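Reader: I'd like to learn how to read salt bridges and confidence values in a model like this one. Can we go through them together?

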Amino acid sequence: MIDVIDLKKTYGKLDVLKGITTSIKPGEKIAIIGPSGSGKSTFLRCLNRMEDPTSGLIIFNGQGIIDRKADIDAHRRQMGMVFQHFNLFNNKTVLENIMLAPVYLALRDLRRLKWRNRLTRLRNLFRGEKLPLHPIGTSKAQIKAEARETALRLLKRIGLEDKAHVYPSTLSGGQKQRIAIVRALAMNPKVMLFDEPTSALDPEMVGEVLDLIRQLADEGMTMVIVTHEMGFAREVATRVLFMDGGHIVEDDAPERIFTNPRHPRTQEFLSKVL
Amino acid sequence: MGNFDKKLERFREIFIEHDGYVKVLTGLQNTIYIAVAGLAIGILIGTLIAIIRVSPKNNGLAKMLDGLCVFYVGLFRGTPIVVQLLVAYYVMLPLIGVNLPALQVCVIVFGLNSAAYVSEIMRGGILSVDPGQMEAGRALGLNYRVTMMKIVVPQAVKNIVPTLGNEFISLIKETSVVSFVGAADLYVAFNYIGSNSYEFMVPYLVMALIYIALVAVAALIIRQLERSLRKSDRRH
């Protein structure tokens with residue numbers, strides 16, 4: 001699903017990623033662990049080009065996304081991203097947060113289709129043989145209603161349907177993060193990228209967020225998680241990448257990494273955090 | 001102060017019996033018109049400039065536009081508004097051969113002038129919005145422009161309403177120089193009353209009071225606006 005080939009990223013003189021090569025297959029749940037400054041967040045953020053890599057290739061669904069000409073917005077719609085600091089839109093209610101992107105994009109597509117039809121009709125005026133119009137199977141109201149329904153269903157799933165019309169500033173960290181997750185889900189992404197989703201949470205709220213991520217994993221969502229929650233990584237991941245100094249030092253099944261790490265750096269790191 | 005009553009009487013006479021109040025109302029209308037329309041133009045152009053200035057400068061065109069905006073802001077902040085009015089009315093208009101009423105020229109000049117200040121206010125406002133907001137929008141597949149207009153700018157505007165209010169109040173007061181190009185504002189009206197009654201004490205006093213009242217009303221409107229924009233804040 002995602003192939004990464006010799007990915008490098010430098011900030012000035014600092015080499016953050018020194019050549020990452022790996023491949024993410026559909027259905028995999030990949031946990032990226034490692035000390036801070038090892039480049040794990042940078043690597044994750046390169047996957048949907050929140051950071052522009054310095055060199056290397058990222059192939060998503062058979063298309064290179066590093067290329068300047070690539071429609072990065074179209075790719076990002078298929079890659080949900082969850083941030084450490086939630087980043088809910090502060091000027092929108094919870095429901096608006098979830099509905100904004102799907103509604104905007106669907107309305108834009110509808111508008112484009114309508115313009116194309118208008119153009120075709122205009123051209124048809126001067127043609128004997130009429131060109132066919134694009135069928136339009138939806139309307140503005142229908143798009144909004146459907147998005148609303150989806151959003152409410154997602155909110156119900158996380159038990160926050162009563163918060164639909166409040167602003168994010170009134171929510172707890174755990175609630176914000178769960179809403180951020182369903183906001184990403186509302187786009188029907190093919191893969192979810194989690195950038196330390198529980199690092200900014202109070203300890204008692206970590207559980208509710210991890211539970212939701214675990215549910216998604218059980219449903220078969222492909223996901224990449226940068227995390228410091230070793231227990232969670234071990235339990236949920238199908239593969240663990242240990243990163244250090246801009247390299248993937250070890251790439252293995254969770255049982256192997258956590259019980260029998262081969263590389264001395266991995267052993268040292270795990271002995272400190274476990 | 002013994003003859004203050006007499007002065008008041010002179011003022012009343014010109015103000016009411018010689019249609020002074022018509023001039024004052026026209027002047028008031030023009031003052032408000034120039035300030036409000038000027039601010040509207042200022043916000044429009046200022047936001048545009050601010051967005052150009054905070055956008056990533058990753059190609060030649062973006063760099064050129066940015067340079068142009070810096071030059072524009074420097075130009076309008078670097079000269080007094082009176083000079084700008086005079087140059088616009090007596091230099092630019094004849095040069096390009098257009099004939100515009102003084103009032104329209106004032107609106108345009110005040111708008112362009114205000115745009116320079118608003119752009120800096122707005123730029124600060126945009127930079128004060130958490131970069132995570134932009135990232136979240138982009139990560140959902142919205143493009144830079146849409147995220148800017150739907151997410152970042154509304155939050156920036158909310159943050160800068162008090163400062164923008166300040167700009168509006170300055171604008172109201174600065175309009176008192178438009179008589180330099182012959183537009184009829186409050187000053188022109190009260191000067192007319194003073195000249196006709198040979199007595200300037202009361203007219204200028206009343207003028208000052210009207211400006212104070214105007215600014216007080218503006219401050220009230222700004223406070224209401226601030227309050228209604230605070231909806232999404234915890235500070236209800």
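Reader: Where in chain B is confidence lowest, and where is it highest?

Author: Start with the score: pLDDT is the predictor's confidence in each residue, from 0 to 100. In chain B, the low end is helix α1 (residues 4-17), with a mean of 79, and the high end is α6(B), at 95. Helices here are DSSP runs (H or I, at least four residues) and strands likewise (E, at least two), numbered from the N terminus. Where pLDDT is low, don't read the predicted coordinates in detail. Chain B has a mean pLDDT of 90, with 97% of its residues at 70 or more. For the complex, the predictor gives an ipTM of 0.89 and a pTM of 0.83.

Reader: What ground rules should I keep in mind?

Author: This is a predicted model, where local features need pLDDT of at least 70 and side-chain atom pairs count only at pLDDT 80 or more, while totals for chains, interfaces and linings use all residues. Residues are numbered from 1 along each chain as its sequence is written, chains are lettered from A and ligands numbered from 1 in the order in which they are written, and side-chain values use heavy atoms, leaving out hydrogens and water.

Reader: How many salt bridges are there over all chains?

Author: A salt bridge needs a side-chain nitrogen of Lys or Arg within 4 Å of a carboxyl oxygen of Asp or Glu. Searching the whole structure gives 21. One of them pairs Arg138(B) with Asp73(A), at 3.2 Å from N to O. That pair crosses between chains, from helix α6 (residues 131-139) of chain B to helix α2 (residues 72-76) of chain A.

Reader: Are Arg138(B) and Asp73(A) buried or exposed?

Author: Buried means under 20% relative accessible area, exposed over 50%, partly exposed in between (1.4 Å probe, protein chains only). Both Arg138(B) and Asp73(A) are buried.

Reader: Which parts does the pair Asp251(A) and Arg239(A) tie together?

Author: Their side chains meet at 3.0 Å, N to O. Asp251(A) sits in strand β10 (residues 247-252) and Arg239(A) in strand β9 (residues 239-244), so the bridge links parts 12 residues apart in sequence. Arg239(A) counts as buried because its relative accessibility is 11%, whereas Asp251(A), at 34%, is partly exposed.

Reader: What about a bridge within one helix?

Author: Try Glu268(A) and Lys272(A), bridged at 3.3 Å, N to O. Both lie in helix α9 (residues 264-273) of chain A, four residues apart, about one turn of the helix. Lys272(A) is exposed at 64%, while Glu268(A) is partly exposed at 37%. Through shared partners, salt bridges join Asp244(A), Arg265(A), Glu268(A) and Lys272(A) into one network.
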